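Here is a set of short exercises to work through with the structure in front of you. Try each task yourself before you read its solution.

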Amino acid sequence: MINRECGIFRTTYQADMSLYGVPLARITVAAFALFFALVFPFVVDHKHLVWANFAGISIVAAIGLNLLTGYTGQISIGHAAFMATGGYTAAIMTTRADVPFWVGLIAGGVFASAYGLIVGLPSVRVKGFYLAIATLAAQFITEWIINHVEWIGGGFQASIIVPPASLGPVRFDTELEKYYLVLALVVLAVVAGLNIARSRLGRAFVAIRDRDVAAEIIGVDIFRYKLLSFMISSFFAGVAGALYVYYVGTATIEAFQISRSIEILAMIIIGGLGSILGSIFGAVFVVVLPLALEDILEFFRGVLPVTDIDTFVSQLKLMVFGGLIMLFLMVEPEGLNRLWRNVKDYFRVWPFSY
Amino acid sequence: MLRARRFWPLALVAAVALFLAACEGGEEQPATGTPRAQQPTGAPITIGMMYDGTGATQLIGVAYKAGFEDYINLINSKGGIDGHPINVIFCEHGYNADRGVECYENQKRGGAIGTVTYGTPITAAVIGRCNQDQIVCTFPGYGSAAAANGERFPYGFPIAASYWSQAGAAVRFVLDEWQREGKSGKPKIAYLFYDNPAGNEPREVLRTIAQREGLQLEEVAVPAPGTEMSSQVTRITQSIRPDWVITHLFGSSPSVSIKALKEAGFPLNRVVALVWGSGDADVEAAGGWAFAEGYYGLQFTAIGTDLPVLREITEMYRSQGKQPPDLMTKNNVYYMRGVANAAVMVEGIRNALRQKGYPITGADLKAGIEAIRGEVAGVVNLNLSARDHEGGGSVRIYQVRGGRWQLARDWFQGYRDVIESFVYR
């Protein structure tokens, strides 16, 4: 948020480490929270609420991957596999054991986290591209298992229909109710992410990312923290997967394929590696922009000289979307978060630039 | 240079603001019909239609949508149904489940009483919502075979032979051909399938039938993306040596299978493909019509360019001074699936209007579709009921002969009792 730090002095370590050191920051964060809780869902279209829900689920997954890839420097091209683990765990527990949805949600996270521990084991030995391939293998293995093990895939064509989530007397049935469910989890994920990043854990992650040998020398237990990073990251992904399943109403393997893994990776690269806010920017960019482009191109429906306008628009949308990704990455390779920081820096000293 | 750089953030903020302002106004415009010969007088009835205009299967999606749209325009040009024009909310989803949910919600908001949930992942993602919202969801050739059970999926309508029925019909066809040729014993069948949920679905049915008939059945899986299958084909031609091959493949893999089997010396008139391996493009991509001579393909609609309904659509275009889309002939198989889907929707609406009268809801449309018996628009043959949402699972078999698909066997069913034992288990 745009804050003027002028006149604010931090006199204790505690103040220096606080999440929002500037009073105005606290107010803006609270204002944003209130806006998304009380104003946003009531002013937008039903359609835009659907976008917001998908964006929210992606934010949770993207924050998880950013902790792993952005903060710890361990690449994963198999994050959809962790989402699938969480999603199917939740679906199986809800349909067969009839547990409340929050148990399914947490169990999804825990199971994904345990699975992440196993998949993360190679990360102790291999780095960079090699780790990328190891996680890619996990993606394919997971897809295969869900497709072929009937106990897991169950249902029809490896998909399980899940009843809507409910918490006590509240049923998350309508889009608006689901929005609040997603929003609550996004807030939890953001707060958790920010706190992990600024604590001992996050500093150990960053140390490993920047130079693992040096980190080991200063006393960071690489084995432990790399695996912890995998576990925490998979927990986020598992919760996102379970949330997806409760939101959509079906656990289907076709929603957790390699393209989803790459999409999450794209989110954090576009948004900015090693930044929680960047994860949010990236998720919103990747999920909402193509849909918004469709709306914009809809304006030109009558003007475009083509016969099959619907198909043309959908293709043009992809081209514009691809072009925009390239543009943003060329303008600022460090992602949208960096762009945002530039904006902030500009206003911080405005109007006296020097 | 330095100064210019500093304005970047401001420019960006302005761009974002403009952009946000722009998306607010983007109201979805319903597709309007073409100029009508006979203006419908009543209030419109809204339905939805999803398809993919981008992505791996857009070849199917674009033709499917064209067929659907043309048939609806044809009905509207004839004055609609009892004077009520049909308004279709089209939605492109790129074969992506998330976008499919978005499409569904959008169409629901637009007042659609039924929709086409094109694509297996999309169908899986929205079928729960269809039941909950009481919106009729049709998915011929997609979705799970178990959705044929109308008691379990009250608002899910496969309205075409499921993979189970297709597999049953394929075996029936193989056995009948075997008998017709006067051969003794039982044929040995290889089942070549794409290793995804849809490809795996008929295996249990095939095993059950093989056990009952005493057939020897070998299953050969093709892993995604299925663009290479020399080892599978070698296994078929060298070690299994079947009498017949039933293929169940998707995307570009059917053409690869035709090519590989032919090159390995396997006779193509001993190959029968389920519905996603029997498109025009599959034959063309494999090496052309002459190359694929003899290849059999299952269809759950009538195909061909000389059907009466296509003459009517052509007539409609001519009367507007336009040429009909070349998809009608070039991509006839998938175009006809769109026409068939639209025809079932229209017939369902017509029945609903007769049974209840305007306005109709999703529940009325459900009852209307369940009342369909027999041929619809000369393209499909369905016997639907509240229990059977598949419509009997009849198929036709066509063969590549003389540069086009020619009818090899008219509407028939295979092993209905076995299929039903699976649907209602």
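The exercises below concern a predicted model, and each is followed by a worked solution.

**Exercise 1. Confidence**

Find the mean pLDDT of chain B, and find stretches of chain B where the pLDDT is below 50.

*Solution.* Start with the whole chain: the mean pLDDT of chain B is 88, and 91% of its residues reach 70 or more. Next, look at the start of the chain, where residues 1–7 have a pLDDT below 50. Beyond near neighbours in sequence, that stretch has one contact in the model. Then move on to residues 16–36 of chain B, where pLDDT also stays under 50. Here the model has 28 contacts beyond four places in sequence. For the complex, the predictor gives an ipTM of 0.82 and a pTM of 0.86.

**Exercise 2. The open sheet**

In what order do the seven strands of the open sheet of chain B lie?

*Solution.* Trace the sheet from one side to the other: the order is β7-β6-β8-β9-β10-β13-β14, with mixed pairing. Now check the edges. β7 (216–222) and β14 (404–412) of chain B each have a single partner strand, so one side of each is left without a neighbour in the sheet. From one strand to the next, the twist averages 25 degrees. For an antiparallel pair, take β13 (residues 395–401) of chain B and β14(B), which are joined by six bridges. One of the residues to look for is B:V395, whose bridge partner in β14(B) is B:F412. Finally, add a helix: α9 (residues 230–240) of chain B packs on the sheet and touches β6, β7 and β8 of chain B. The direction of α9 makes about 160 degrees with that of β7(B).

**Exercise 3. Strand β8 of chain B**

Work out whether the residues of β8(B) are buried or exposed, and which strands pair with β8(B).

*Solution.* First, recall how side chains are arranged: in a regular strand they alternate between the two faces of the sheet. In β8(B), B:W244, B:I246 and B:H248 point one way, while B:V245 and B:T247 point the other way. Five of the five residues of this strand (residues 244–248) are buried, so β8(B) is largely enclosed by the rest of the structure.

Second, look at the partners. β6 (residues 188–194) of chain B pairs with β8(B) in the parallel sense over five bridges, and B:F193 has B:H248 as its bridge partner. β9 (residues 271–273) of chain B also runs parallel to β8(B), with three bridges between them; here B:I246 is matched with B:V272.

Third, follow the chain onwards: β8(B), helix α10 (residues 253–263) of chain B and β9(B) make a right-handed β-α-β unit.

**Exercise 4. Unusual backbone**

Where is the cis peptide bond next to B:P225, and what is the phi of B:I159?

*Solution.* The cis bond joins B:A224 and B:P225, with omega about 0 degrees. B:P225 sits in the loop between β7 and α9 of chain B. Another cis bond runs from B:Y358 to B:P359, with omega near -5 degrees.

Turn now to B:I159. Its phi is near 35 degrees, a positive value in a residue other than glycine. To decide on burial, use the cut-off of 20 or more other C-beta atoms within 10 Å: B:I159 has 28 such neighbours, so B:I159 counts as buried. B:A377 likewise has a positive phi, about 55 degrees, and with 21 other C-beta atoms within 10 Å B:A377 is buried.

Notes. Residues numbered from 1 in each chain as written. Chains lettered and ligands numbered in written order. Predicted model: local features only at pLDDT ≥ 70, side-chain atom pairs only at ≥ 80, totals over all residues. Buried ≥ 20, exposed ≤ 12 C-beta atoms within 10 Å, placed from the backbone. Helix = DSSP H or I, 4+ residues; strand = E, 2+ residues; numbered from the N terminus. Pairing = 2+ DSSP bridges. Right-handed = clockwise from strand over helix to strand, strands pointing away. pLDDT = per-residue confidence, 0-100. Contact = placed C-beta atoms within 7 Å. Axes fitted to C-alpha atoms, helices over the stretch in contact; angles between N-to-C directions.
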